[in-house]
Amino acid sequence: MGNSGSAVKVCTDHQGGINWLSLSPDGQRLLTGSEDGTARLWSTADSQCHGHFQGHESYITFCHLENEAAFTCSADHTIRKWDVVTGQCLAIYRGHTSIVNRILVAKDYLFSGSYDRTARCWSVDKEKQIQEFRGHRNCVLTLAHYSSRDVLEEEEEEEEEERVSRDLLVTGSTDCTVKVWWVSSGRCYQTLLGHTGAVLCLILDAPNRELFSGSTDYTIRTWNIVTGEQLKVFKEHQGSVICLELVNRHLYSGSADRTVKCWLVDTGERIQTYKAHKHSVSTLKYHAGILFTGSGDACARAFNSKSGVLQKIFRGHKFIINCIQIHNELLYTASHDGTLRIWDIRGICKRNKRRLKKERSVQGRSSQKGSLSRLFNNKVGCMVQQENGEHEAVELM
């Protein structure tokens with residue numbers, strides 16, 4: 001294991017901590033949102049800053065990047081849309097009465113969650129509020145979106161007015177509940193009860209009709225998003241569950257207990273624990289069989305996702321790493337120290353690919369050897385049976 005790595009580049013343009021880092025769908029740009037009230041646009045081709053978005057009157061809490069537009073939300077109660085080419089502010093979305101802490105862009109909708117206890121839906125192009133979702137008793141921290149077409153059969157849909165727009169919004173709150181809302185009417189479709197602490201993170205698996213929620217009550221819960229039924233409770237963490245990642249029916253959870261755990265979604269079994277963090281695990285990203293983590297101890301780490309072995313530590317940040325992204329075998333880490341650091345991960349990716357290839361080869365030989373062994377043992381079993389003249393199974397494996 002390489003104990004530590006040096007950053008390829010350190011970007012120090014921001015004058016305050018970086019709260020979020022977003023990668024464009026085409027992978028060409030990165031967007032950082034900062035405590036200094038500005039957002040910056042970076043090219044993944046040359047790692048240079050190509051845009052500086054100024055206008056918010058307080059710190060930026062979260063940001064989202066599309067190919068042609070950037071979105072930021074702020075403690076100034078507003079959301080802004082920016083042109084990624086000119087840097088011009090294209091729209092300001094006003095209506096929230098407190099800090100806007102999360103945004104989500106889906107289709108022509110922009111969703112937002114706030115400390116004012118509401119979530120809202122906006123028309124991306126018309127700078128206009130379409131819907132307000134009111135019902136939480138405390139601030140809305142996290143959002144997810146899906147279409148009922150992904151999960152409901154036609155006969156399951158309830159009302160004619162809601163068949164026109166089948167989009168649903170999911171909100172997680174510090175009031176310990178998760179709510180599912182019809183976007184068209186603003187009506188609450190389900191309230192998911194069970195958590196006894198704030199809901200900090202959500203992850204949706206619409207094709208399997210499942211929603212995962214992580215909480216300060218130290219648990220992760222799985223819900224059927226059609227019926228609202230609680231399916232499983234994952235209980236082994238000893239601290240708040242801060243972040244979740246779902247890959248191939250494996251759920252990864254990062255916690256304030258300084259560990260990440262991997263769970264089999266279908267059985268609820270915990271199959272791996274990733275240790276070595278000296279503080280809370282703040283962010284997760286799975287890539288090519290490697291689990292990358294960011295922590296409050298100012299380090300990023302790379303683990304073999306299968307074995308749990310720590311493969312590399314990325315040192316250099318001074319404060320908590322709030323977000324990580326990966327593109328073209330480069331790791332991007334954004335920290336509360338105000339820097340964006342870029343790390344070359346080609347070496348560990350190559351080693352991991354070789355390891356996976358070797359494991360598959362060994363498994364293939366073991367499978368072939370196992371078949372021959374079973375054939376041999378069956379023959380021996382038959383010989384023993386004939387010798388004894390008895391009709392009992394003789395197992396020699």
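Start your tour by selecting leucine 251, which sits in strand E24; strands here (E, at least two residues) and helices (H or I, at least four) are DSSP runs, numbered from the N terminus. Leucine 251 is buried, at 0% relative accessibility. On this tour, buried means under 20% relative accessible area, exposed means over 50%, and partly exposed is in between, with a 1.4 Å probe and protein chains only. Now add lysine 261 to the selection: the two residues are 10 apart in sequence, and their C-alpha atoms are 8.0 Å apart in space.

A word on what you are looking at. This is a predicted model, where local features need pLDDT of at least 70 and side-chain atom pairs count only at pLDDT 80 or more, while totals for chains, interfaces and linings use all residues. Residues are numbered from 1 along each chain as its sequence is written, and side-chain values use heavy atoms, leaving out hydrogens and water.

**Stop 1: the repeats**

Next, colour the spans that come from the UniProt record. Its unreviewed entry places the feature "repeat: WD" at residues 11-43, 93-132, 168-191, 192-233, 234-273 and 314-346. UniProt positions follow the numbering used here, feature names are shortened, and annotations may be inferred rather than shown by experiment.

Zoom in on residues 93-132: this span is 62% strand and 0% helix, and its end C-alpha atoms lie 13 Å apart. Then move to residues 168-191, where the chain is also 62% strand and 0% helix, with 13 Å between the end C-alpha atoms.

**Stop 2: salt bridges**

Side chains of opposite charge can pair when their charged atoms come close. A salt bridge here is a side-chain nitrogen of Lys or Arg within 4 Å of a carboxyl oxygen of Asp or Glu. By this rule the count is 13 salt bridges.

Show the side chains of arginine 120 and glutamate 132, which form a salt bridge at 3.3 Å, N to O. Why does this pair tie together separate parts of the chain? Arginine 120 lies in strand E13 (residues 118-123) and glutamate 132 in strand E14 (residues 128-134), so the bridge links parts that are 12 residues apart in sequence. Arginine 120 is buried, with a relative accessible area of 5%, whereas glutamate 132 is partly exposed at 24%.

Move on to aspartate 205 and arginine 249, whose side chains meet in a salt bridge of 2.7 Å, N to O. Aspartate 205 belongs to strand E19 (residues 199-205), and arginine 249 to the loop between strand E23 (241-247) and strand E24 (250-255), so this pair ties together parts that are 44 residues apart in sequence. Aspartate 205 is buried, with a relative accessible area of 11%; arginine 249 is partly exposed, at 23% relative accessibility.

Now select arginine 221 and aspartate 217, which are joined by a salt bridge at 3.7 Å, N to O. Are these two residues buried or exposed? Arginine 221 and aspartate 217 are both buried. Before leaving this stop, show Asp116, Arg120, Glu132 and Arg134 together: salt bridges that share partners join them into one network.

**Stop 3: two pairs brought together in space**

Select tryptophan 20, found in strand E3 (residues 18-23). Tryptophan 20 is partly exposed, at 25% relative accessibility. Phenylalanine 62 is 42 residues away in sequence, and its C-alpha atom is 5.4 Å from that of tryptophan 20.

Serine 213 is your next pick, in strand E20 (residues 210-215). Serine 213 counts as buried, with 0% relative accessibility. Between its C-alpha atom and that of glycine 172, 41 residues apart along the chain, the separation is 8.0 Å.

**Stop 4: two loop residues with positive phi**

Go to glutamate 127, in the loop between E13 and E14. Its phi is near 60°, a positive value in a residue other than glycine. Glutamate 127 is partly exposed, at 41% relative accessibility.

Then select asparagine 328, in the loop between strand E31 (321-327) and strand E32 (330-335). Asparagine 328 has a phi near 50°, again positive in a residue other than glycine. Buried or exposed, what is asparagine 328? At 63% relative accessibility, asparagine 328 counts as exposed.

**Stop 5: a helix to finish**

Finish at arginine 355, in helix H2 (residues 346-388). Arginine 355 is partly exposed, with a relative accessible area of 33%.
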